[in-house]
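Student: Could we go through this model together? I'd like to know what stands behind the terms people use for it.

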Amino acid sequence: MLLSLLDRSRARVDRSPAAAVADTVERARWAEAAGYHRFRVAEHHAVPGIASGSPAVLLAAVGAATHDIGLGTAGIMLPNHTPLLVAENALMLDALFPGRVDLGIGRSLGFTPPIRRALRTDTADGFADDLAELLAFLDGTGPVTAQPAADRPIPVSVLATGSGLEVAARLGLPVVVGGPALADPDRLRTYRRTFVPTATTPRPRVTVSADILVADTDADARVLALSEAVAMAESRRTGDFPPLRPVTEMPELGPRALEVAERTLASAVFGSRETVRRELERLVERTAADEVLSSASTFDRAALRASDDALMGLLA
């Protein structure tokens with residue numbers, strides 16, 4: 001079972017956004033030394049609590065700071081860019097770090113209406129066509145030649161939200177699945193049944209993504225998971241995704257915010273080593289996953305490092 005990390009460059013109340021980016025690069029160095037398969041970064045625009053708005057630039061820094069670990073996005077949001085620009089960024093990364101790049105592509109729009117207006121985008125309706133165009137630019141069959149042209153295929157995965165599973169099956173692409181899609185096994189079965197094999201992906205391939213946190217006890221792990229759950233609850237109330245806070249500084253939540261926080265906790269995988277091992281075994285059995293992607297974050301960076309280390313030990 002392959003194990004990878006997704007780091008969103010989460011800001012913390014006691015550190016600057018620039019420090020959050022430096023933390024991401026440092027975490028990638030550690031992840032490589034620990035034996036993780038791939039290190040992925042995300043794309044979030046104009047969100048105060050997340051410093052990663054330019055995944056291609058951030059991956060270049062991660063690649064320069066590491067040697068062998070795979071470099072990935074999870075993902076680049078295609079509605080925000082032209083397919084040619086995404087292809088050129090990916091090809092540049094592949095030229096700099098040959099054979100290490102995996103392009104995770106999503107279809108989410110900006111977090112709020114003002115952000116969507118700033119990005120000049122308000123719909124993802126053309127996602128399937130844009131994705132097909134991107135693939136053509138990457139393999140050199142597009143109407144123009146994206147540079148620097150590659151002599152090897154760059155793997156492309158689809159972040160399977162909404163109709164993403166259907167699009168991925170039709171184009172013969174791997175998927176990264178998390179959140180609500182994991183709760184519906186029929187959707188993955190349909191993806192596998194309708195998958196159209198390609199030369200680069202002869203069979204369906206599934207990566208499952210979840211917030212995974214390991215601590216000495218289930219209660220300790222729940223405390224770690226609360227950082228992100230409370231931030232998510234606040235974001236639904238205010239439209240801002242706030243920096244992570246320690247438990248002692250978390251705001252008091254109303255009934256609706258508490259409900260959001262509990263839903264976030266319910267979708268995460270956290271607990272002692274024994275609890276997490278059991279939950280991951282169930283998750284992998286239910287999804288027949290090829291890879292597990294941990295997307296967890298928490299305020300305490302030392303606790304996050306210890307959690308990542310324990311997780312790697314579980315699947316080693």
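Student: What makes up the lining of the second largest pocket, by class?

Tutor: In this predicted model, the lining of the second largest pocket has 15 nonpolar, 6 polar and 2 charged residues. It is lined by 23 residues, and about 450 Å³ of space lies in this pocket.

Student: Which residues lie nearest its centre?

Tutor: Leu135, Asp139, Pro153, Ile154 and Thr200 lie nearest the centre of the second largest pocket. Leu, Pro and Ile count as nonpolar, Asp as charged, and Thr is among the others, so it counts as polar.

Student: Which helix gives the largest share of that lining?

Tutor: Helix H5, residues 127–139, does, with 4 residues.

Student: Let's move to helix pairs. How are two packed helices described?

Tutor: By the angle between their axes and by the distance between those axes.

Student: What are those values for H6 and H7?

Tutor: The axes of helix H6 (residues 164–171) and helix H7 (residues 185–194) cross at roughly 15° and come within 8 Å.

Student: Why is H6 called roughly parallel to H7?

Tutor: Set the angle against the cut-off: angles under 35 degrees count as roughly parallel. The crossing angle is roughly 15°, so H6 is roughly parallel to H7. The crossing is right-handed.

Student: Which residues make that contact?

Tutor: On H6 they are Leu165, Ala168 and Ala169, and on H7 they are Arg187, Leu188, Tyr191 and Thr194. Divided by class, the contact has 5 nonpolar, 1 polar and 1 charged residues.

Student: What makes one of them charged and one polar?

Tutor: Arg is on the charged list, and Thr falls among the others, so it counts as polar. In this contact those are Arg187 and Thr194 of H7.

Student: Why are H1 and H2 called oblique to each other?

Tutor: The axes of helix H1 and helix H2 (residues 55–65) come within 9 Å and cross at roughly 40°. Roughly parallel needs an angle under 35 degrees, and roughly perpendicular runs from 65 to 115. An angle of roughly 40° fits neither range, and H1 and H2 are therefore oblique to each other. Their crossing is right-handed.

Student: Which residues meet there?

Tutor: Val21, Thr24, Val25, Ala28 and Arg29 of H1 make the contact with Leu58, Ala61, Val62 and Ala65 of H2. They divide into 7 nonpolar, 1 polar and 1 charged.

Student: At what angle do H5 and H6 pack?

Tutor: They pack at about 35°, with their axes 11 Å apart. The crossing of H5 and H6 is right-handed.

Student: Which residues bring H5 and H6 together, and what are they by class?

Tutor: Phe127, Ala128, Leu131, Ala132 and Leu135 in H5 meet Val167, Arg170 and Leu171 in H6. The contact has 7 nonpolar, no polar and 1 charged residues. Leu135 also appears among the residues nearest the centre of the second largest pocket.

Student: Now the cavities. What makes a space a cavity and not a pocket?

Tutor: In a cavity a 1.4 Å probe fits but cannot get out, whereas a pocket is open. There are 2 cavities of 30 Å³ or more.

Student: How much space lies in the largest cavity, and what lines it?

Tutor: About 60 Å³ of space lies there. The lining is Asp211, Leu213, Ala225, Glu228, Ala229, Thr264, Leu265, Ala268, Ala296 and Ser297. Helix H8 (218–238) and helix H9 (255–267) each give two or more residues, and H8 gives the most, with 3. By class, this lining has 6 nonpolar, 2 polar and 2 charged residues.

Student: And what about the second largest cavity?

Tutor: About 40 Å³ of space lies in it. Ser227, Val230, Ala231, Glu234, Pro243, Leu244, Arg245, Met250 and Pro251 line this cavity, and they divide into 6 nonpolar, 1 polar and 2 charged.

Student: Last one: where in the backbone are the cis peptide bonds we can look at?

Tutor: The bond from alanine 74 to glycine 75 is cis, with omega near -5°, and glycine 75 is in the loop between strand E3 (70–73) and strand E4 (76–77). A cis peptide bond also joins glutamine 147 and proline 148, with omega about 0°. Proline 148 is in the loop between H5 and strand E6 (156–159).

Terms used:
Residues are numbered from 1 along each chain as its sequence is written. This is a predicted model: local features need pLDDT of at least 70, side-chain atom pairs count only at pLDDT 80 or more; totals for chains, interfaces and linings use all residues. Side-chain values use heavy atoms; hydrogens and water are left out. Axes are lines fitted to C-alpha atoms, for helices over the stretch in contact, and angles run from 0 to 180 degrees between N-to-C directions. Angles under 35 degrees count as roughly parallel, over 145 as roughly antiparallel, 65 to 115 as roughly perpendicular and the rest as oblique. A crossing is left-handed if the near helix is turned anticlockwise from the far one by less than a right angle, and right-handed if clockwise. Contact means heavy atoms within 4.5 Å. On a 1 Å grid over the protein atoms alone, a cavity is a set of points where a 1.4 Å probe fits but cannot get out, and a pocket is an open set with protein on both sides within 12 Å along at least five of seven lines; lining residues have an atom within 4 Å of a point. Grid points are joined across faces, edges and corners, and a volume is the space filled by probe spheres set on the points.
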